[in-house]
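Grab your viewer and let's work through a few strand-pairing exercises. Each one comes with a solution, taken step by step.

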Amino acid sequence: MLLPLVVSVMALAFMDFNLRRQEAAVLAAEFDTHAEKLNERLRERIRTHDEILRGAAGLFMSSSRVTRQEWHSYVSALGLEEGHVGIQGLGFAQRIPPQRLNGHVQSVRAEGFPDYEVTPLGVRDDYSAIVYLEPFYGRNLRAFGFDMMSESVRREAMLRARDSAEIAYSGRVRLKQESTVDVQAGVLSYLPVYRHGTKPRSVAQRRADLLGWVYAPFRMRDMVSTVLQDDLKTVRVCVSDVSDQGVQDLLFDSHEGHAAPKTRGAMDLKVSLPLQVGGRTWHVQYEPLASYPLSDRRIYRALAMVGVALTGVMLCALTWVLLFTRQRANAMAHDLAATISEGEERFRLMVEGVKDYAILMLDDRGMVMTWNAGAARIKGWQAEEIIGQHFGRFYTEKDREAGVPEQALATALITGQYREEGWRVRKNGTVFRASVLITAMRDAQGHVKGFAKVTRDITAHHEQEERLRLAATVFRSTQEGVAITDADGRVLVVNPAFERVTEYTEAEVKRRKLSLLASGRHDRDFFQNLWRDITEFGSWQGEIWNRRKGGEIYPGWLTISAVRDEGGQIVNFVGVFTDITRIAHAETQMEHLAHHDALTDLPNRLLLHSRLAHTLERAHRTERICAVMFLDLDRFKAVNDQYGHEAGDELLKAAAQRLRLHLRENDTVARLGGDEFVIVLEDLASVEGAEVVARAIIERLQQPFHLPGGQDAHIGCSVGISVFPDDGQDGETLIRHADAALYKAKEAGRGTWRLYRGGRVG
Ligand SMILES: Nc1nc2c(ncn2[C@@H]2O[C@H](COP(=O)(O)OP(=O)(O)OP(=O)(O)O)[C@@H](O)[C@H]2O)c(=O)[nH]1
């Protein structure tokens, strides 16, 4: 009995020793994994910060000058103030050559900061100054104007960033934002910005082209606490910056100022992991506290001990139970995996099959990881050509240069989603209008796993919108008045030209019939024909007189078209109307000019012939006498010679006026040219009537003419008369015969008249 007992005790002691060693190894491995996860979270956050810096630098690359307001808007959009990112702010430090220092200070003061200085004051070889820092209030105001190059730790990082054209982190500093309470270690990250928005190749060129630095200050405790949060209750975390010479500088200790924390007994589970940050190495030390929930393996140890102590049968039974449980667990895991992979497969097939949307997954750097049929159709690349490439390829060159793809990812990282509409490039170089949605994908712990990007080709829709916009512009800006009515002819919309021409506003005519514009000049037949044409032929075109709101009647050229739906039903009428008042006026003027003498405004030869023809026709019908008098001024040439041609013109106008005033309304006086006039006298009772008129005219024209120059001109006139019907039956003959009689009057010494009298002028 003793031997089995001794053997049993020894076996138990040996097993206990081994189990304890094993337990320690398992716990160490568990904590290692946990520390790795925490370190990854810190790394992830640093990466997010770097993206924010790159996005901000992109703003400078895309614009030759970024204003304070633009910087404010950009940084506000990032939502830094909500604090969850752990950055104190986002700033721009401008590089200032010594000779520009004064000018720089003056220009910032002129922006409304009269006390602005580049601090610390003093003479240095090179200057920089924090010119933008958002959020621009509170602690951050203390940094405004500070020359970070004046301080060696910051200067080292700034120069390293400048020469490497990469992000550089500084060593430990005391931030300008600090006051005397809650002082924390601070760190700054810098990204240089060069002239022309490019990254110069050589170090010398980078030094020459440097414009300044986009930078972000962190307070280490704030930053690490926002990332690790509750984990700091169970794990002590220390972050140290390690210099090239191996000197450690403590940036953060979660138990700084506290009594030495209680760790897990004698077990040394400290883990130290490196973190690469902008050209520096941080060592992060993780140590479990007493509160750390290490999985308690003592129960297994006890069980094992009991197991050894139990009989073989019980051991067999226990083994059997364990085996059975494992088999069930395996079966369940197997089923679950099958269900998951089936779901994944279905989802994959669905995504791959979607043809109208380009759906792709990007990794955290923007490299394409998956590619569906829609992406191939819309963008033109096949999966094997594009997987592994950066998604910036889909952007136009201009957008790429402006850093738009990087900004898109940075925004998606910060806000969760990025939505945009813009131009994208296909494989064949053509562009299309894209509606894009980028979503940052995070795992349960919040680590960024990549991005889901959904793109839709909306070129047709965009073009349609553009066309509509153009049509609307034409509608608004055309000089033609346009009114659109419903099928009952009630106004739906009118354009500004309609309002201008009709003097009615859109509100005044809305839902009313356009008959309110009617002038009353057209009868019912006119409108009946108009509507018949529209219903039969789809449109009507013609001249129409309308009345403005103010009452004026005006002519217009109107086109009405019917708009039908797919079923052929009229749904709208569109009226396009041109105000032709000016054209009509011009036509009347042309008509007048064609028939009147420009100097005296008397009828000319053309109108004379037409009037004479009418007069003769009437005289034929009524068998009345009428006379044609040919009149020529006497000694008119002398007026021209003596007082000038213009004075002669004035005299001709005055003579025409005297003739017109002397004659009856329905008599015609025309000027044939020069100083020759023809008068048609209608409805004469006898030939003597014509003689009376001739005598009176001669007398009137003998009266002196007062010329504009103040002189009095004395002329007279001679008259030849032919009479219808005795001296000719048609106008031409009568005029010719009157001319012959005039000749005789001139011969007779001027200032008299002669009748033709059938060729026997007397
Ligand atoms: N100012 C002016 N002169 C004109 C115009 N048309 C013609 N004349 C001039 O009028 C004159 C007409 O010539 P005549 O009829 O021979 O001159 P007149 O002195 O009246 O001679 P008699 O008829 O023989 O008495 C010419 O000198 C033309 O140059 C015109 O429109 N304006």
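Before starting: two strands count as paired if DSSP finds at least two bridges between them. Keep in mind that this is a predicted model.

**Exercise 1.** Find the residue that stands opposite Pro274 in β9.

*Solution.* Start with the strands: β8 covers 271–277, and β9 covers residues 280–288. The two run antiparallel and are joined by seven bridges. Now look across from Pro274, and you land on His283 in β9.

**Exercise 2.** Work out the strand order of the open sheet of four strands, and say which are the edge strands.

*Solution.* Walking across the sheet gives β7-β6-β9-β8, with antiparallel pairing. The ends of that walk are β7 (248–253) and β8, each pairing on one side only. As for twist, neighbouring strands here are turned by 25° against each other on average, ignoring direction.

**Exercise 3.** Now take the open sheet of five strands: explain why β11 and β12 each have one side without a neighbour in the sheet.

*Solution.* First, the order: β11-β10-β14-β13-β12, again with antiparallel pairing. Next, β11 (368–371) and β12 (417–425) sit at the edges with a single partner strand each, so one side of each has no neighbour in the sheet. From one strand to the next, the twist averages 25°.

**Exercise 4.** Which residue in β14 stands opposite Tyr357, and which helix packs on this sheet?

*Solution.* Strand β10 (residues 357–362) runs antiparallel to β14 (residues 448–457), and six bridges join them. Tyr357 has Arg456 standing opposite in β14. The helix is α12 (residues 404–415), which touches β12, β13 (431–442) and β14. Its direction makes about 165° with that of β12.

Key. Residues numbered from 1 in each chain as written. Predicted model: local features only at pLDDT ≥ 70, side-chain atom pairs only at ≥ 80, totals over all residues. Axes fitted to C-alpha atoms, helices over the stretch in contact; angles between N-to-C directions. Contact = placed C-beta atoms within 7 Å.
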